[in-house]
Amino acid sequence: MSDVAGSNLEFHPLNRERHGRGVAAFYERAGDYALMERGELPDAASVQAFFEDCPPGCDPASSLKLACFDGRDTIIGIADMAFGFPETSDAYIGLLLIDPGMRAQGIGQRFVQHLAREARARLCRRILVAVLDVNTRGRSFWEREGFVLEKTFEPRRIGAKSHVLHRLIKPL
């Protein structure tokens, strides 16, 4: 396992017009998560949802849609963070996904650090994330990053699958 955590990773905001094709190509490489979550491979609707979705009561225009680039204009990770959910002083990570070929190299940790800086700059008091019960590797990652269980939700339908979700929190 190599470690790129100290390399030249770049984090940049995304918009559909400029980055839609790059996000679609990324989703093709990272289809394993969509299969786990929805039971379906990602498609054009997945890309649209990435750019448009946000938690209840939040403004999609104020959400951060970010990519981690490897210095060669290739997206190696994406994240979506909204503000004001579930409390007005909260930041909520709706998605953090790393290219399967780049996982376990420190990129996720650097991405979380970047997201925490963005949340602090907006005077957020804590960051939240929901993790699928079946995503034990993902939950272990979030717990290593200092997130702790706040709440477990009843099973809910996501695509063709049903999942228990665990909401984890980290004070800022």
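**Close-up views of a predicted model**

**Figure 1. Arginine 126 and aspartate 90 meet through their side chains, in a polar contact of 2.7 Å.** The model shown here, and in every view that follows, is a predicted one. Arginine 126 has a second side-chain partner as well: glutamate 150, with a polar contact of 3.3 Å. Have a look at where this arginine sits, in strand β5, which covers residues 126-132. Is arginine 126 buried or exposed? Its relative accessibility is 19%, and the cut-off for buried is under 20%, so arginine 126 counts as buried.

**Figure 2. The wider surroundings of arginine 126 take in residues from several parts of the sequence list below.** Setting aside neighbours within four places in sequence, arginine 126 is in contact with Pro86, Glu87, Ser89, Asp90 and Ala91, among others. Glu150 is also one of its contacts, and you have already met the side chain of glutamate 150 as a polar partner at 3.3 Å. The remaining names to find are Ile169, Lys170, Pro171 and Leu172.

**Figure 3. Isoleucine 169 belongs to strand β9, residues 165-171.** If you follow the contact from arginine 126 to Ile169, you can now view it from the other partner: leaving out neighbours within four places in sequence, isoleucine 169 is in contact with Arg126, Ile127 and Leu128, among others. Gly146, Phe147, Val148 and Glu150 are also in contact with isoleucine 169. Its relative accessible area is 17%, and isoleucine 169 is buried. For a sense of distance, try cysteine 54: it lies 115 residues from isoleucine 169 along the chain, and their C-alpha atoms are separated by 18 Å.

**Figure 4. Glutamine 105 sits in the loop between β4 (90-98) and α4 (107-121).** What does the side chain of glutamine 105 reach? Look for the backbone oxygen of glycine 101, at 3.2 Å. Although this residue is in a loop, glutamine 105 counts as buried, at 11% relative accessibility. Leucine 128 makes a handy landmark for this view: glutamine 105 and leucine 128 are 23 residues apart in sequence, and 23 Å apart from C-alpha to C-alpha.

**Figure 5. Threonine 74 lies in the loop that runs between β2 (64-69) and β3 (75-83).** How accessible is it, and which class does that give? With a relative accessible area of 29%, threonine 74 is partly exposed. Beyond its neighbours within four places in sequence, threonine 74 is in contact with Arg29, Cys68 and Phe69. Alanine 34 is 40 residues away along the chain, and the C-alpha atoms of threonine 74 and alanine 34 are separated by 20 Å.

**Figure 6. Stepping back, the whole protein has 5 helices and 9 strands.** Along the sequence they come in the pattern β-α-α-α-β-β-β-α-β-α-β-β-β-β. The radius of gyration is 15 Å, close to the 16 Å from the globule rule for 172 residues, so the protein is as compact as a globular protein of that length. Its C-alpha atoms fill a box of roughly 40 × 35 × 35 Å along the principal axes. Of the 172 residues, 47% count as buried. Among contacts between residues at least 6 apart in sequence, 63% join residues at least 24 apart. The protein exposes about 9200 Å², with carbon and sulfur atoms supplying 49% of it. As for charge, the mean positions of the 23 positive and 23 negative charges are 3 Å apart.

Conventions:
Residues are numbered from 1 along each chain as its sequence is written. This is a predicted model: local features need pLDDT of at least 70, side-chain atom pairs count only at pLDDT 80 or more; totals for chains, interfaces and linings use all residues. Side-chain values use heavy atoms; hydrogens and water are left out. Helices (H or I, at least four residues) and strands (E, at least two) are DSSP runs, numbered from the N terminus. The radius of gyration is taken over C-alpha atoms; the globule rule is 2.2 Å times the number of residues to the power 0.38. Buried means under 20% relative accessible area, exposed over 50%, partly exposed in between (1.4 Å probe, protein chains only). Contact means heavy atoms within 4.5 Å. Accessible areas come from the Shrake-Rupley method with a 1.4 Å probe; for residues, only the protein chains shown count as cover. Lys and Arg count as positive and Asp and Glu as negative; His and the chain ends are not counted. The place of a charge is taken as NZ of Lys, CZ of Arg, CG of Asp or CD of Glu. A polar contact is a pair of N or O atoms within 3.5 Å; within protein, one must be able to donate a hydrogen and the other to accept it, and residues adjacent in sequence count only if both atoms are side-chain atoms.
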